[in-house]
Amino acid sequence: VVAMNLISLCANSPDERCTNALVSDAIATDSNNGAIWVSGISFYAALGDDVRVMDSIDALEKTSLFNERFGEKALLYAQALEGSASNYFNTNAIVGIGKAASSLLIHSPITQWCKQGLEDSSKANACLTLGEQLETRGKTQISKTIGIALQEIVFESQDNSDAIQMAKQRRSELTGMPDRDLYQKASFMLLLDERLLRSWLYNLDTFGEVESQRLLVEEAQMLY
């Protein structure tokens with residue numbers, strides 16, 4: 001988690017301590033996790049380092065795990081406050097979710113990188129591959145949406161209207177969720193029941209945001 005956050009910070013910072021060596025070492029701590037390679041891609045894209053971006057996309061494809069550690073970050077935030085005067089798990093975990101969400105905003109350098117030089121087929125293919133990886137393996141809706149957007153950028157550069165329409169259709173399907181009324185009730189119970197909240201945070205990282213919503217409703221109905 002620390003390594004992933006460090007790379008994300010460096011992707012948006014001119015700090016001279018954010019060297020290639022530092023980022024490489026950080027990636028090495030979780031190198032079988034595709035999500036940390038996405039953070040690295042953002043860092044290299046911000047530098048305009050095409051070679052390292054493409055090498056990192058290749059490495060991302062070879063990983064067997066993709067865990068954005070969103071739920072884990074929120075959980076760690078709550079655990080850090082255990083034993084303090086502000087030790088109320090549910091409230092702290094909800095605040096931790098907001099903290100975790102802020103660390104997801106690392107895609108801007110990647111999007112900018114993919115908007116330029118797409119006449120180069122190798123770069124266009126790299127952006128398509130990255131977009132497909134984010135769409136199919138990303139656990140959060142943000143990652144999946146960005147993945148589809150990257151593919152659309154390439155399709156637009158190729159005037160591929162059919163592919164653009166298909167991508168838009170897939171993006172519209174991302175907003176699907178369980179019965180809205182039941183989901184709202186189950187979401188309220190997250191504030192009250194530590195069992196539900198812990199399970200939801202785990203499911204976010206394991207099954208993804210959409211499936212975790214369905215499981216939340218299922219588990220809330222079982223418990224109540």
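Colleague: Why is Arg69 called buried?
Modeller: Its relative accessible area is 15%. Buried means under 20%, exposed over 50%, partly exposed in between (1.4 Å probe, protein chains only). Arg69 falls under the 20% limit, so the label is buried.

Colleague: What does the model rest on?
Modeller: This is a predicted model: local features need pLDDT of at least 70, side-chain atom pairs count only at pLDDT 80 or more, and totals for chains, interfaces and linings use all residues. Residues are numbered from 1 along each chain as its sequence is written, and side-chain values use heavy atoms, leaving out hydrogens and water.

Colleague: Where does Arg69 sit? And what is its phi?
Modeller: Arg69 is in the loop between α4 and α5 (70-80). Helices here are DSSP runs (H or I, at least four residues), as are strands (E, at least two), numbered from the N terminus. The phi of Arg69 is positive, about 55°, although Arg69 is not a glycine.

Colleague: Is Asp159 buried or exposed?
Modeller: Exposed, at 68% relative accessible area. That value is over the exposed limit, so the label follows. Asp159 has a positive phi of about 55° and is not a glycine. Its place is the loop between α9 and α10.

Colleague: Which partners does Arg69 have in its salt-bridge network?
Modeller: Asp30 and Glu72 are linked with Arg69 in that network. A salt bridge needs a side-chain nitrogen of Lys or Arg within 4 Å of a carboxyl oxygen of Asp or Glu. A search of the whole structure gives 11 of them.

Colleague: What makes Lys185 and Asp181 a salt bridge?
Modeller: The N to O distance is 3.4 Å. That is within the cut-off, so the pair counts. Both residues lie in helix α11 (residues 180-190). They are 4 residues apart, about one turn of the helix. Asp181 is partly exposed at 42% relative accessibility.

Colleague: How do you know that Glu211 pairs with Arg214?
Modeller: Their closest N and O atoms are 2.6 Å apart. That meets the cut-off, so this is a salt bridge. Helix α13 (residues 209-223) holds both, 3 residues apart, about one turn. Glu211, at 28%, is partly exposed. Arg214, at 36%, is partly exposed. 

Colleague: Why is Asp193 called buried?
Modeller: Its relative accessible area is 5%. This is under the buried limit, so the label holds. The side chain of Asp193 meets that of Arg195 in a salt bridge, 2.8 Å from N to O.

Colleague: Which residues form the negative surface patch?
Modeller: Asp55, Asp58, Glu61 and Glu132. Patch residues have over 30% relative accessible area and no salt bridge; like charges are joined within 9 Å, nonpolar side chains (Val, Leu, Ile, Met, Phe, Trp, Tyr) within 5 Å. Asp55 has 47%, so it clears the area limit. Asp and Glu count as negative, Lys and Arg as positive; His and the chain ends are not counted. Asp55 lies in helix α4. This helix (residues 50-62) gives the most to the patch, 3 residues.

Colleague: What makes Ile94 eligible for the nonpolar surface patch?
Modeller: Ile94 has 33% relative accessible area, so it passes the area limit for patches. Its place is helix α6 (residues 89-102). The other members are Phe188, Leu191 and Leu192. Together the patch shows about 370 Å² of accessible area. Such areas come from the Shrake-Rupley method with a 1.4 Å probe.

Colleague: What is the largest nonpolar core made of?
Modeller: It has 39 residues, and Phe43 and Leu130 have the most contacts inside it. Elements that give two or more residues include α1 (2-11), α2 (20-28), α3 (34-47) and α8 (121-137). The largest share, 8 residues, comes from α3. A nonpolar core is a set of buried Ala, Val, Leu, Ile, Met, Phe, Trp, Tyr and Cys residues, joined through side-chain atoms within 4.5 Å. In soluble globular proteins, nonpolar side chains tend to be buried together.

Colleague: Is Ser143 buried or exposed?
Modeller: Buried: its relative accessible area is 3%. Ser143 is found in helix α9. Ser143 and Ile106 are 37 residues apart in sequence, with 9.9 Å between their C-alpha atoms.

Colleague: Why is Ala149 called partly exposed?
Modeller: Its value is 24%, in between the two limits, so that is the label. Ala149 has its place in helix α9. Ala149 and Ala167 are 18 residues apart in sequence and 8.1 Å apart in space, C-alpha to C-alpha.

Key
The place of a charge is taken as NZ of Lys, CZ of Arg, CG of Asp or CD of Glu.
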